[in-house]
Amino acid sequence: MHAGFAINVEVESGKTDIGGMEARWIKYPYGFAEDKITMVMYVIERNGKVYMINGAAQYGKFDNYKAIFEKTAGTFRLK
């Protein structure tokens, strides 16, 4: 096991739409003790390329920022 990864990992994932494109997301904790954070990553595959949008918040406070992460990710566009 790599240092920094939590042992009991609470992972959530799903599908969403970002800028009219199908995207997947994953939310997971990272770190330990007072350094633990919750990460969210949105992944979009388009035209043979992969785009990732990331957000992070202090563990236990993610829900305070969830709407901001979703709104920010929703502004992503490809031309």
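These legends accompany a set of close-up views of one predicted model.

**Figure 1. The overall layout: one helix and four strands.** Welcome to the predicted model, shown whole before we move in. Reading along the sequence, you will meet the pattern β-β-β-β-α. The protein has 79 residues, of which 27% count as buried. For contacts between residues at least 6 apart in sequence, 27% join residues at least 24 apart.

**Figure 2. An aromatic pair between Tyr51 and Phe76.** A search of the whole structure turns up two aromatic pairs, and this view takes in the pair made by Tyr51 and Phe76. The ring centres are 5.6 Å apart and the planes meet at 50 degrees; an angle that is neither under 30 nor over 60 degrees counts as tilted, so the Tyr51 and Phe76 pair is a tilted one. Distant parts of the chain are linked here, because Tyr51 belongs to strand β4 (residues 49-58) while Phe76 belongs to the segment after α1 (62-73), 25 residues apart. Tyr51 is partly exposed, at a relative accessible area of 24%. Phe76 is partly exposed too, at 22%.

**Figure 3. A second aromatic pair, Phe62 with Phe69.** Here the centre-to-centre distance is 5.4 Å and the planes are 35 degrees apart, which again makes a tilted pair. Are these two rings buried or exposed? Phe62 counts as buried, with 7% relative accessibility. Phe69 also counts as buried, with 16%; the cut-off for that label is under 20%.

**Figure 4. Lys36 over the ring of Tyr59.** Take a look at the charged end of Lys36, which sits over the Tyr59 ring at 4.0 Å from the ring centre. Lys36 is found in the loop between β2 and β3. How far apart are Lys36 and Tyr59 in sequence and in space? They are separated by 23 residues in sequence, and by 5.5 Å from C-alpha to C-alpha. Although charged, Lys36 counts as buried, at 17% relative accessibility. Setting aside residues up to four places away in sequence, Lys36 touches Glu10, Pro29, Tyr30, Gly31, Gln58 and Tyr59.

**Figure 5. Lys27 and its contacts.** Lys27 lies in strand β2. This lysine is buried, with a relative accessible area of 17%. Beyond its neighbours within four places in sequence, Lys27 is in contact with Glu10, Val11 and Glu12, with Thr38, Met39 and Val40, and with Phe62 and Asp63. One of these residues, Phe62, is the ring that pairs with Phe69 in the view of the second aromatic pair.

**Figure 6. The largest pocket and its lining.** The volume of the largest pocket is about 190 Å³. Which residues come closest to the pocket centre? Out of 13 lining residues, they are Trp25, Val40, Tyr42, Lys66 and Glu70. At least two lining residues come from each of β1 (12-18), β2 (21-30), β3 (37-46) and α1. Sorted by class, the lining holds six charged, five nonpolar and two polar residues.

**Figure 7. Glu12 beside strand β2 residues.** Glu12 is placed in strand β1. With 41% relative accessibility, Glu12 counts as partly exposed. Its contacts, leaving out neighbours within four places in sequence, are Trp25, Ile26 and Lys27. Glu12 and Trp25 are 13 residues apart along the chain, and their C-alpha atoms are separated by 8.3 Å. Trp25 is also one of the residues closest to the centre of the largest pocket.

**Figure 8. Met41 and the residues it touches.** Met41 lies in strand β3. Residues up to four places away in sequence are not counted here; the others that Met41 touches are Arg24, Trp25, Ile26 and Tyr28, together with Met52, Ile53 and Asn54. Between the C-alpha atoms of Met41 and Trp25 the separation is 5.4 Å, although the two residues are 16 apart along the chain.

**Figure 9. Asn47 and its backbone angle.** What is the phi of Asn47? The value is positive, about 55 degrees, although Asn47 is not a glycine. Asn47 is located in the loop between β3 and β4. At 72% relative accessibility, Asn47 counts as exposed.

Technical notes: Residues numbered from 1 in each chain as written. Predicted model: local features only at pLDDT ≥ 70, side-chain atom pairs only at ≥ 80, totals over all residues. Heavy atoms only, no water. Phe/Tyr/Trp six-rings, centres within 6.5 Å; stacked < 30°, edge-to-face > 60°. Buried < 20%, exposed > 50% of the residue type's maximum accessible area, 1.4 Å probe, protein only. Lys NZ or Arg CZ within 6 Å of the ring centre and 35° of its normal. 1 Å grid on protein atoms, 1.4 Å probe; cavity = no way out; pocket = protein on both sides within 12 Å on 5 of 7 lines; lining within 4 Å. Points joined across faces, edges and corners; volume = space filled by probe spheres on them. Contact = heavy atoms within 4.5 Å.
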